[in-house]
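Here are a few short exercises to work through with the coordinates open beside you. Try each task before you read its solution.

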Amino acid sequence: MLWLLLLIPTAAGFAAMGLRNPAALRRTLLPAAAAAHTALTAMCWAVRPEPVLNGWLGLDELSLLVLSITSGLFLAAAIYATGYLRREPPRKTDFQDGGLFTDAPEARFVACLLLFLATMTLVTLSRHLGLLWVGVEATTLASAPLIYFHRHHRSLEATWKYLLICSVGIALALQGNFFLAVAAKGSREVHLTVEHLQAHAGQLDPVWLKAAFLFLLVGYGTKMGLAPMHTWLPDAHSEAPSVVSALLSGALLNCAFLGILRVHALMGAAGLGEFSGQLLTGFGLLSMAVAAVFIIEQADYKRLLAYSSVEHMGILALGAGVGGLAGMGAMLHMVNHSLAKGMLFLLAGNILAVYRTKTALQVRGLLQTLPVTGPLWVAGFLAIAGSPPFGLFVSELVILKGALQQGQTAVAIGYLLLLGVAFAAMARIVLRMAYGSPAGIAVDPERSRGAWAVVPPMALGAAVLALGLCLPEWLQSALTEAAAAAGVR
Amino acid sequence: MPAALDILSILLILANLCLLGSSRLATCIRAVALQAVILGAAALIANRGELDARVIVIAVASTLIKAGALPWLLRRAIRESGAVREVEPFIGFTASLLWGVGLLGACLLIGARLSPHAAQGSGLLLTVALFTTATGLMVIVSRRKAVTQVLGYLAMENGIYAFGMAFAIQEPLLVEMGVLLDVFVAVFVMGIAINNISREFDHIDTDRLTALKD
Amino acid sequence: MTLFLTALAVMVAGGAAAWMAGRRPWASVLGASAGAIGAAVALVVATEAALSGRVSELRLAWPLPFGSFHVGFDGLSAFFAAVTALVCGLAAVYGVAYLKPHAARRSLGPTWFAFNLLTASMLVVLVARDAVLFLVAWELMSLTSFFLVMFDGERPETISAGWTYLVATHLGTAFLLALFVLLGRDAADMDFGRLQAVSPDTAAVCFVLALVGFGTKAGFVPLHVWLPRAHPAAPSHVSAVMSGVMIKTGIYGLLRVVTFLGPPEPWWGWTLVAVGAVSGVLGVLLALAQHDLKRLLAYHSVENIGIIALGLGLGLVGLATGNAALAVLGTLGGLLHVLNHAVFKSLLFFGAGAVLHATGTRDLERMGGLIHRMGTTGASFLVGAAAISGLPPLNGFVSEFLIYVGAFGWLADHPGSGAAGLPAIVAILALAMIGGLAAACFAKAFGVAFLGEPRSDAAAGAHECPAGMRLPMVALAALCMAIGLLGALALPAAIPAAAVILPGLDIAGACARAREWLWHLGGAFGLLVALAAVLAAVRRRLLAHRTVTAAVTWDCGYAAPTARMQYTASSFAAPLLNSFRLLLRPEARVHAPEGLFPDGASLHTQLDDPFEHRVFAPLFRRVRHLAARLHWLQAGPSQLYVLYVAVAMLALLLWTLGAGR
Amino acid sequence: MTTASVSNVLLALLLAPLLSGVINRVKAVFAGRTGQPLLQPYHDLAKLLRKGAVYSRTTSWVFRLGPVAGLAAAAACLTILPIGGVPAPLAFPGDLLLLAYLMGLMRFVTITAALDTGSAFEGMGASREAWYSMLAEPALILGLAALAVHTRSVSLSGMLDGLARGELAGPGGPLLVLVAGAFAIVLLAENARIPVDDPTTHLELTMIHEVMVLDHGGVDFGFIQYAAGLKLWVFSGLLTGVLLPPLTGWWPLDCAVGIALILAVAAAVGVVESVMARLKLARVPQLLVAASVLSVLALALVLR
């Protein structure tokens, strides 16, 4: 079963790479593979598959959670992408400097999407830290071509920064793995599998372990988008096609977070949980602050969303660092954020297609111009800003309660304050976009793409709403177990 | 014979300083290649105890790739983009050297903190490995060309590899997968990117790569 | 309880149906009737519960972390719920005719959905017995009202007003989050029954949090800045609901939370009295300076919230010092004023809406003489104006009377009490100033808008509004008089609420006494009305068979007075504002006549909200500048970005290992 | 007792116009003129009530409501005002506030009636009236508060009883003097007398109260004049109640004394008007604020 999870997207990917045309077949291949993957994931909830590859591949609550998010979001993105590919002309003029540019071959795009899914699945499934690292590295390789889909110099620049910064981070993470191995030298015949390390956490050398945690935190933190390592994120998200941005924000960042959580759990088992917790909390607050700074008066609405991702990654880190109830909150928040952010990026794609600009000030009267996308955009903003009745309100409330229960009053205050600032700044921009009169703005509404473009975001929005209205018992317990698996106690 | 390891370490340091101090791209490329060779040797020496095929293959392969394939590809990129053969640093070479010495000090401190806890392996090599990584970062940060950034990245890689040597980590596949994958990234992906850059901008300076900002 | 919830369900369902109906002509009627019917049922249920004071609860499982769908009625909830349902129902009726002109331009379904959802969420806020449910309903209320404020979102000023409102209410909610989480910190869930302050210090912190969080919604100065911007922007029936009842949920929340905090400290009451005095006086002063009718009314909401706070503050002082008389009179006065303000403020906003509907302007200086064309509106507006000015024999005076008597009585019982008497004195002084100023302000508003000659063609061509809008106004005007004359009958509705707020205090006697006084007051009012009637009859008899001729206004010998010679609102307000210029710094743009043959001359007084322009705007600007100054962090070069990574790495390593942590 | 109260009210209704007659006589005496007869106001009223009416086309029913409601309010005041230690027919806790706010009502209707004419002069008068009364109101209410504390009563009737005899000499003396001062100023302001306002001026620009009623005539004007008399009566009663509480226990005598005192106050007003000049408009607020200060002082004194 686990093998299937890995094989389906990989095979589909290579197949897509292989068959250059007919395009129609390829375009059906993408959602089909995604659907199959989702179905398998759903089955995993019913029956938990056995670990394979002598325990290197396995599925615990945490990985199942992340896997489900990734798979579900990918399904939505795949459907959206199908419509996207249908519409997108191969050659178009760059609306920023008017130059002509082409897109990468569609076959490669689809293939990379599927491989991206495969690599992310690998990250979630791997119980071996080395293998997990390989997976994270692989996600970089698979996603870089996606960012360079539109072949103009801005997207190339974004790709370059993404590659460089993430590779550096990944290299540091590798260093961290080595440190871990050294730390484990004390216990004979090392295995970097989660179970093994947890079992022998006692014998690990604390100093090396701490150093290892630092390296892995910075390394995976770069990928996750924690300030100050977040710098690749806004560029990549603003230049990549919106569907890719949605996957980056909604799925990739979680996978990186998963990497950090694995080590955090290990630290906890080794009795260093406080040390790692404080670091996570600190990075969380810092990320929220930095994100707030750049959300204020942000001119580009896709960058705005990217920075908001940084902010929410900060919230996740903070929640995991504070621990206790907040850990469960962080898990819930991960789900909510992925859904809401995916929705927003897909909608941003629609807006971009119609308004042909990423400058927020040049977008006015959304509610009138795009009768479906507009309201969804406002709803998505409210969701991501954490207003009821959307899910993020609940998770943010839980995290706050957790923080206060742990007696981290200062953290709670900073958390509330930064949330407020980000909200105010974001509201200013979103309102200007949604309201106002579209008069005097060149829009070509025929470029808005019917059901393909609105159904997926609508579904995601509905999911966030549902999570805000009711959180079934089984899900709550699953989240709690996931938090426990993440070593957040 | 840890003495040999120590000598290699010293050589590694020198290579780093050369990388920091030289003004010509070609020299830098050679310096990195040299590091790769040294590390290949170090690998063989470090695991002389159990010198099985796996170790040899890995050492030789990575040496060949990093000392052979990479320089060739980088030179080609430079030739194609017809870029200036200068390094064009943000920080002067002397300054970089001084910085390098400072980094060395920091690494010594960290190494000193760590090595007593090290179960085995050479304390010096540990320090040098860290220093090499730091040098790589330094080169990435302080040089202007995309090529030099790749070089810096390779240097980091060498540092990490050296670290792996220093402790002869037995964890199956960890070192190999890691190093090979990273090399793969450096060589192919970044290579491709560089070629794209040179096509798009007909040069490989990164100072034109600053259109995206706030 | 179930009936109540069913009513809410009907409301929301009707709204949703209206949304589905979209542009169809009957969509508006459908939504409105659903809202009105639901509100009517809710009104009946709530009134019954308020009068009986019976406690009824209902708890449904709600799978949210530490949340449960737990609602219930007690005196306090029921009282506020009744007021809310009353105003919302009438507003729904009023809204149909008011929105009709927009129907051609846009679909009204969504508006009605938002309106009904607003009503429903307000009522849920009032009956919620679980913090999570409360917060959800609270935020839902804010959001729906926000969407209604953005009704015509094309205009830039509406957008900025909406932003101000959204941010203000959200920041307020942040305080509430902190408050409730702090109260429920050690509890497994956040049911109201389990909320408590662990220590006196926590209680104090919670009180401050509540004061800020709920005060933002209620519009305490200086947290009121969103109010005069958002309320005028909304459609008038929404303004009525927001000003009349929505801001009262802030008062309700404050009272509700105070019941969690155990025995109050005296300084809580003093703070509330101080806040009330400041809000009241500043609110009415700022109102006096406005020439936008709806903005003026919005500022009066600030003033009346101040009066309510005065009463409740005195009540808290009484509760803290164990003085039943003061506690009861203050609390009852405050609660009754909640009802009264809801009645006459929504009446006034309906009137303003009718004027806007008829003349298309909110600017007083462009109105005048409307009473000739809009008789009913004018008459009901006059009643509302007199009532809000606290003039006998209307309801405004009744509630202020109770607060006054509470303060007077307390002073009379404690001669030589020294500084302890300060709250009472502050309350008296504030009420006295508010009384005079409010009367002046509404003399201006009514006089300039409805009396004299029309100042613009729009005013000259005005027409009376349709019956659908007149009916609610007349009903409310009648209610103003009824509560004025029979305040003693309205009082029992507030007594159970007071009992909830004042636990452990024997209030029966004081309540009975207050009621008796209100009977006296009603008698005096009756006498007044009778006298007026008799005199009117006499006058009619005297003039019956005599020559009654019409002429031009005597303008001191000037034969041809024109509309532009009338006293303007600016001129009327100028001297009063001038005596407070040190406090408010009003801007007067005077263009004095000069030369032998002066051309045009003009006087225009205007007053920017000092808190908005001297406190909040600079604050936000400073934050924006700070952020802008930090943008170099993201300047572009990849080297810089890698440097961040490297520095972070090195710093962490040195910090951890170097310091031997 | 009720007979006494009712007789008080009736006497007030009967004698109120006399006050302005007294004032005019006193002024005439000071000016060395013969002056109009003491009962002239009655003749004026009778004449006005016999006249027809001329209304401006601008005005509406609000204009006609003004005099009626004003007179009603003033008359209603009488029913809660005790004279000479005799409780008022309608005495209940808090009636003092009703008194103050009935005055407010009277003012409100006058102002709206004035605005109804759409004349610049009457608008100006209305603005000034609102301005002054806004300043006078705190003085009155705080003064009443001081009395309430002093007498432990929140009802006028209870209060005036509570004022023990000979207080002026006793400890409460300073208090009473302060309050009396405040009330005196309020009386002058509220009844549009010099130095605040000049009822006999001939230049509309300088009028305050008189200019508001320029357009009223006939019956309406009669009502207004009569209401003005009643208002003066009420304030004088308030003042004398404070200054000189009743002497004997026998109510007819007390009432007689009380009424005599009220007439004396009218005479005093006449004297003030004769010896003082009218203040500049800008100075008046200072006078009124001074009154409030007196009241606050009194309050501080009694709460100390």
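Chain D has a mean pLDDT of 88, with 95% of its residues at 70 or more; pLDDT is the predictor's confidence in each residue, from 0 to 100. This is a predicted model, in which local features need pLDDT of at least 70 and side-chain atom pairs count only at pLDDT 80 or more, while totals for chains, interfaces and linings use all residues. Residues are numbered from 1 along each chain as its sequence is written, and chains are lettered from A and ligands numbered from 1 in the order in which they are written. The model's scores are ipTM 0.91 and pTM 0.93.

**Exercise 1. Find which pair of chains shares the most contacts, and describe one side of that interface.**

Step 1. Count two residues as in contact if their C-beta atoms, placed from the backbone, lie within 7 Å. Of the 4 pairs of chains in contact, C and D come out with the most contacts.

Step 2. Chain C brings 71 residues to this contact, and chain D brings 67.

Step 3. On the chain C side, the largest share is the 14 residues of α20(C). Helices here are DSSP runs of H or I with at least four residues, strands are runs of E with at least two, and both are numbered from the N terminus.

Step 4. Sorted by class, the chain C side has 47 nonpolar, 20 polar and 4 charged residues. Nonpolar covers Ala, Val, Leu, Ile, Met, Phe, Trp, Tyr, Cys and Pro; charged covers Asp, Glu, Lys and Arg; the others, Gly among them, are polar.

**Exercise 2. Which strand of chain D does β3(C) join, and do the two run parallel or antiparallel?**

Step 1. Strands pair if DSSP finds at least two bridges between them. β3(C) has 4 bridges to β1 of chain D (residues 53–56), and the two run parallel.

Step 2. For one partner pair, look at C:Thr549, which bridges to D:Val54.

**Exercise 3. Describe the hairpin of β1(C) and β2(C).**

Step 1. Strand β1 of chain C (residues 56–64) joins β2(C) through 6 bridges, running antiparallel.

Step 2. At the turn, C:Leu64 stands opposite C:Gly67. There are 2 residues between the strands, and C:Phe66 takes a positive phi near 35 degrees.

Step 3. Now check burial: a residue is buried if 20 or more other C-beta atoms lie within 10 Å of its own, exposed if 12 or fewer, and partly exposed in between, with C-beta atoms placed from the backbone. β2(C) (residues 67–73) is mostly covered, with 5 of its 7 residues buried.
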